[in-house]
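Visitor: Hi, I have a protein open on my screen and I would like some help reading it. Could we go through it together, step by step?

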Amino acid sequence: MTDTSVLVQNNTNDKPSFEEFKSNVCHQLKSMGDIDFMLSLLDNHNIRNYFNKGWYRESLYLLALLDYLCRIHDLPRCNEYDNLREYRFEEPVYPLSILLLSDFTDCGDFRAEAIKNAIPEFLHFNIVEGDVRDVC
């Protein structure tokens, strides 16, 4: 075991799918802009609220996004969530599109390529996310 705590993905029926969640978050980011999104995220405490509810994928996805936005805007990370940065998923959390491509085609190693191109802040939690800006 690494020096970080390992999380097992949880699936409950009382919330939207993780893919739907990610899509909604990315649309929010696009419509609000980076800084307003970050301020809203810090104000609504959803990172901690989701974690406390056991919605680990959602919580750590938001934290990774916050850390990523801080990095690209040369802002300090919010230390309020330092204890959550100790966690990571036992198995990689891939986008559904990568899982489908891997399962139904023999054209290459899509999972390895996705990890290679993943945003480091997401990969820290073992979440494979390559682009938060590609929303319609």
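**How the helices meet**

Guide: Let us begin with one pair of helices, where Phe18, Phe21, Lys22, Val25, Cys26 and Leu29 of H1 meet Arg57, Glu58, Tyr61, Leu62, Leu65 and Leu69 of H4.

Visitor: At what angle do the axes of H1 and H4 cross?

Guide: The axes cross at roughly 30° and come within 11 Å of each other. Angles under 35 degrees count as roughly parallel, and H1 and H4 are therefore roughly parallel to each other. Their crossing is right-handed.

Visitor: Before we go on, how was this model obtained, and what is the average pLDDT?

Guide: This is a predicted model. The protein averages a pLDDT of 88, and 85% of the residues score at least 70.

Visitor: Which elements have the lowest and the highest mean pLDDT?

Guide: Strand S1, which covers residues 5–7, has the lowest mean, at 61, whereas helix H4, residues 56–72, has the highest, at 98.

Visitor: OK, back to packing. How do H2 and H4 pack?

Guide: H2 and H4 pack at an angle of about 135°, and their axes are 11 Å apart. That angle makes H2 oblique to H4. H2 passes H4 in a left-handed crossing. On the H2 side the contact is made by Asp34, Phe37, Met38, Leu41 and Leu42, and on the H4 side by Leu62, Leu65, Leu66, Leu69, Cys70 and Ile72.

Visitor: And what about H1 and H2, how close do their axes come?

Guide: The axes of H1 and H2 come within 6 Å and cross at roughly 125°, and the two helices are therefore oblique to each other. This crossing is right-handed. Val25, Gln28, Leu29 and Met32 of H1 make the contact with Asp34, Asp36, Phe37 and Ser40 of H2.

Visitor: New topic, then. How many residues does the largest nonpolar core have?

Guide: The largest nonpolar core has 33 residues, and those with the most contacts inside it are Ile47, Tyr61, Leu65, Leu66, Phe122, Ile127 and Val132. Helices H1 (18–32), H2 (34–44), H3 (46–53) and H4 each supply at least two residues of this core. The largest share, ten residues, comes from H4.

Visitor: You listed Phe122 there. Which residues does Phe122 touch, leaving aside its neighbours within four places in sequence?

Guide: With those neighbours left aside, Phe122 is in contact with Tyr61, Ala64, Leu65, Tyr68, Ile127, Glu129 and Val132. There is also a second, separate core of five residues, which includes Tyr94, Ile98, Ala114 and Ala118.

Visitor: Let me pick a charged residue. Is Glu58 buried or exposed?

Guide: Glu58, which has its place in helix H4, has a relative accessible area of 1%. Buried means under 20%, so Glu58 counts as buried. Leaving aside its neighbours within four places in sequence, Glu58 is in contact with Lys15, Pro16, Phe18, Phe21 and Tyr50.

Visitor: And Arg71, where is that one found?

Guide: Arg71 is also found in helix H4. Its relative accessibility is 45%, so Arg71 counts as partly exposed.

Visitor: What does Arg71 contact beyond its neighbours within four places in sequence?

Guide: Beyond those neighbours, Arg71 is in contact with Ile119, Pro120 and Glu121. Arg71 and Glu121 are 50 residues apart along the chain, and their C-alpha atoms are separated by 9.0 Å.

Note on methods. Residues numbered from 1 in each chain as written. Predicted model: local features only at pLDDT ≥ 70, side-chain atom pairs only at ≥ 80, totals over all residues. Heavy atoms only, no water. pLDDT = per-residue confidence, 0-100. Helix = DSSP H or I, 4+ residues; strand = E, 2+ residues; numbered from the N terminus. Core = buried A, V, L, I, M, F, W, Y, C linked by side-chain atoms within 4.5 Å. Buried < 20%, exposed > 50% of the residue type's maximum accessible area, 1.4 Å probe, protein only. Contact = heavy atoms within 4.5 Å. Axes fitted to C-alpha atoms, helices over the stretch in contact; angles between N-to-C directions. Parallel < 35°, antiparallel > 145°, perpendicular 65-115°, else oblique. Left-handed = near helix turned anticlockwise from the far one by under 90°.
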